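Let's work through this model with short questions and answers. Have the sequence and the 3D view ready.

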Amino acid sequence: MKNNIEQAFEKLFPYYLDQLKELVKIPSISFDHFDVQEVLRSAESVKELFEKAGFSKAQFLMPPSGKPSVYAELMVSPSHPTILLYAHHDVQPEMRRELWQSDPFLPEERDGRLYGRGTADDKAGIIVHLAAVSLARELWGKNAPNFKFLIEGEEEAGSSGLEVLLAEHKDLLKADAVIVADLNNIEKGTPCITTSLRGMSAIEVTLSSTETPLHSGSWSGPIPDPAQALCRVITSLTNEQGDIVIEGFYDDIIPPTAEELDSYSKLPLGASIFKKDSHLLENVALLVKESEIPLALWRRPSIVITALESGNKKIAGNVLQNTAYARISIRLAPGMDAERSTQKLIDHVQKNIPYGLHATIEKESGADPFTTNTNHPYFQKMKEAMTESFNKEAKFIGCGASIPGAVLFRETFGEIPILLIGLEDPESNPHSENESLDLADFKKTMIAETLFFGKLASENT
Ligand SMILES: [Zn+2]
């Protein structure tokens, strides 16, 4: 089967690469204050691609923001499983133009990579779905599974309308499995399925002591300093290894499966690579042993103080400040609940505020983490398809960040398999300057997804 598919893509790949380049030329930035017409133009182009490929019901699904998602489908038989294919057509802003080696919206090939904004994140994801479904229809015809495409238009702006879209079009989008092509491989040439995502919870804390700042010579001593008090509160959250000591915080964590652990142990995530990639300064220690890096990144919660303020560097005179502020952010491990975890954090902070200082605590809307049951046969089939296509064993990895879409699919469709794959590698620089896509991996991912569909088709004969 692999040979047929490879041969077909030998011929078809230049066409799909051209289509990708055309999409990259559209600066479909979904942030506020950018031209929404460009997002509409890119949605229109995606819709035309699906129409040209002969898929039916090609249409916009419009969220409140006016940045459309694109839907299309290929229904083969009501008795076949239906696969929902997700990617997004909006992109990040170009950031610092002077750091780009070529125009971010004029795609350029250099050394086997395609450079341009949205090449890897995530316009290649759209083309992979388009190419794989088109070939699957040609090769397996009436045995092919059913396909539905959902190409979002505001993922980079936080997917604020996706929940509404999924609720409004639940029947139209209903599927037996989802493939999200918006993640990454751990390295170029090593295919990966992401099986967990961390969630997110954050609060802002302000401590106050007096009504106004005071002369430190005249008043400090008897009167407490809110900055030091807030630092005490912050250090009470963790022990010296960085483990969170909030009561019951680790109770709901779902540990990785044996298969996930086995995958983690074979990843190129050694301490030296990790230190180099993070630009860690000399002699700065990591908080965990080398073997625990994947666990600490993907399967445990971590606390970061993203802002800390009392007084101001520019006018740091001898003043006893009257307030201190911190934003405390926590990445949540799979299994944890954002709402409950935020409450545990608030309870802990409140209990640890010294000297009766006044506190205001504001919570942000968090994001739940994500795990998926990898026992579903689709995971094995996808792993086999990727391994075959890349000629290298596919791995299960995690992701330390959050993707709202994955959690929303789970909430909308229940316990169906959600396969998270992607086109990014450590050189891709998504969200930064000189974003790029490895063209060999682009083709291999098309082949892998087609092979996966072939495995499903073989069950429909
Ligand atoms: Zn993306």
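Q: Is Glu 459 buried, partly exposed or exposed?
A: This is a predicted model, where local features need pLDDT of at least 70, side-chain atom pairs count only at pLDDT 80 or more, and totals for chains, interfaces and linings use all residues. Residues are numbered from 1 along each chain as its sequence is written, and side-chain values use heavy atoms, with hydrogens and water left out. Buried means under 20% relative accessible area, exposed over 50%, and partly exposed in between (1.4 Å probe, protein chains only). Glu 459 has 47% relative accessibility, so the residue counts as partly exposed.

Q: Which residue forms a salt bridge with Glu 459?
A: A salt bridge needs a side-chain nitrogen of Lys or Arg within 4 Å of a carboxyl oxygen of Asp or Glu. Here the closest N and O atoms are 2.7 Å apart. The partner is buried, with a relative accessible area of 17%. The partner is Lys 381.

Q: How many residues apart in sequence are the parts that Glu 459 and Lys 381 tie together?
A: Helices (H or I, at least four residues) and strands (E, at least two) are DSSP runs, numbered from the N terminus. Glu 459 lies in the segment after helix 14 (439–457), and Lys 381 lies in helix 12 (residues 377–390). So the pair ties together parts separated in sequence by 78 residues.

Q: Which residue forms a salt bridge with Lys 57?
A: Lys 57 is partly exposed, at 48% relative accessibility. Its partner is buried, with a relative accessible area of 7%. The closest N and O atoms of the pair are 3.7 Å apart, and the partner is Glu 73.

Q: Which residues coordinate the zinc ion?
A: Donors are N, O and S atoms within 2.8 Å of the metal (3.2 Å for Na, K and Ca); water is not among the atoms, so sites may look incomplete. The distances here run from 1.9 to 2.7 Å. One donor is an NE2 atom and the others are OD atoms, two of them from one residue. The residues are His 88, Asp 121 and Asp 182.

Q: Is His 88 buried or exposed?
A: His 88 lies in strand 3 (residues 82–88). Its relative accessibility is 0%, so His 88 counts as buried.

Q: How many of the 10 residues of helix 13 are buried?
A: Helix 13 spans residues 404–413 and is mostly covered. Its buried residues include Gly 405, Leu 408 and Phe 413. The number buried is eight.
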